[in-house]
Amino acid sequence: QVQLVESGGGLVQAGGSLRLSCAASGSGFSINNMGWYRQAPGKQRELVASIISGGRTIYADSVKGRFTISRDDAKNTVYLQMNSLKPEDTAVYYCNVVTRRLFSSWVDDNWGQGTQVTVSS
């Protein structure tokens with residue numbers, strides 16, 4: 001079983017920066033994709049950024065050039081560096097880690113508990 005622990009959310013003024021972290025723990029799995037999603041009030045959850053094994057990254061158009069996703073495979077941790085934050089970035093941010101069970105082709109989609117990011121104007 002995989003446990004995800006997120007940290008780093010908070011309140012920041014427009015133009016400021018925050019760094020989110022998500023650490024995966026447990027045993028019996030390998031990690032495929034790691035990513036961040038967000039959900040603002042009244043809106044659907046959307047992909048913010050994703051990083052796969054090997055380092056290829058995908059970003060939502062709205063965050064390109066401002067956010068950077070990275071991963072530390074030794075620590076099973078994914079990060080989201082958010083710069084030049086805007087009020088429209090306000091949302092609950094969720095970590096997503098796709099894992100594969102060892103000695104199996106079974107893939108699991110794991111979600112963090114969510115961390116609030118609020119950007120004031």
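At 23% relative accessibility, Y37 counts as partly exposed, and this tyrosine makes a good starting point for a walk through the model, which is a predicted one.

**The aromatic pair**

A search of the whole structure turns up one aromatic pair. Its members are Y37 and W111, arranged edge-to-face, with 5.0 Å from centre to centre and 65° between the planes. The edge-to-face label follows because planes over 60 degrees apart are counted that way. Y37 sits in strand β4 (residues 29-39) and W111 in strand β10, so the pair links distant parts of the chain, 74 residues apart. Like its tyrosine partner, W111 is partly exposed, and its relative accessible area is 35%.

**The open sheet**

Let us turn to the strands. Four of them form an open sheet, in the order β1-β3-β8-β7, and the pairing is antiparallel. Why do β1 and β7 each have one side left without a neighbour in the sheet? Both β1 (2-7) and β7 (67-72) stand at the edges, where each has a single partner strand, so one side of each stays free of a neighbour in the sheet. From one strand to the next, the twist averages 15°.

Two of the pairings can be followed in more detail. Strand β3 (residues 18-26) pairs with β1 in the antiparallel sense over six bridges. Within this pairing, V5 stands opposite A23 of β3, while V2 has G26 in β3 as its bridge partner. The pairing of β3 with β8 is antiparallel too and runs over six bridges. Here S21 finds its bridge partner in β8, namely Y79.

**Salt bridges**

How many salt bridges does a search of the whole structure find? The total is six. Three of them are set out below, with the N to O distance for each.

| Acidic residue | Basic residue | N to O distance |
|---|---|---|
| E46 | R38 | 2.7 Å |
| D89 | R66 | 2.8 Å |
| D108 | R101 | 2.8 Å |

The bridge between D89 and R66 is worth a closer look. D89 lies in the loop between β8 (77-82) and β9 (91-101), and R66 lies in the loop between β6 (57-59) and β7, so the pair ties together parts that are 23 residues apart in sequence. Are these two residues buried or exposed? Both D89 and R66 are buried.

The bridge between R38 and E46 joins side chains in two accessibility classes. R38 counts as buried, at 6% relative accessibility, whereas E46 is partly exposed, with a relative accessible area of 35%. The cut-off for buried is under 20% relative accessible area, so R38 falls into that class and E46 does not. Which residues are joined into one network by salt bridges that share partners? They are R38, E46, R66 and D89.

**Around D108**

D108 is found in strand β10 (residues 107-111), the strand that also holds W111 of the aromatic pair. The salt bridge from D108 to R101 has its closest N and O atoms 2.8 Å apart. A polar contact between the side chains of D108 and R101 is found as well, at 2.8 Å. R101 is partly exposed, with a relative accessible area of 41%. Leaving aside residues up to four places away in sequence, D108 touches V97, V98, T99 and R101.

**Two positive phi angles**

Two loop residues deserve a glance for their backbone geometry. What is the phi of S84 near? The value is near 50°, which is positive in a residue other than glycine. S84 has its place in the loop between β8 and β9, the loop that also holds D89. With a relative accessible area of 40%, S84 is partly exposed.

F103 also has a positive phi, of about 60°, although it is not a glycine. This phenylalanine is found in the loop between β9 and β10. What is the relative accessible area of F103? The figure is 88%, and F103 is exposed. Residues over 50% are classed as exposed, so F103 belongs in that class.

Methods: Residues are numbered from 1 along each chain as its sequence is written. This is a predicted model: local features need pLDDT of at least 70, side-chain atom pairs count only at pLDDT 80 or more; totals for chains, interfaces and linings use all residues. Side-chain values use heavy atoms; hydrogens and water are left out. Two strands pair if DSSP finds at least two bridges between them. Helices (H or I, at least four residues) and strands (E, at least two) are DSSP runs, numbered from the N terminus. Axes are lines fitted to C-alpha atoms, for helices over the stretch in contact, and angles run from 0 to 180 degrees between N-to-C directions. A salt bridge is a side-chain nitrogen of Lys or Arg within 4 Å of a carboxyl oxygen of Asp or Glu. Buried means under 20% relative accessible area, exposed over 50%, partly exposed in between (1.4 Å probe, protein chains only). A polar contact is a pair of N or O atoms within 3.5 Å; within protein, one must be able to donate a hydrogen and the other to accept it, and residues adjacent in sequence count only if both atoms are side-chain atoms. Contact means heavy atoms within 4.5 Å. Rings of Phe, Tyr and Trp (its six-membered ring) pair if their centres lie within 6.5 Å; planes under 30 degrees apart count as stacked, over 60 as edge-to-face and the rest as tilted.
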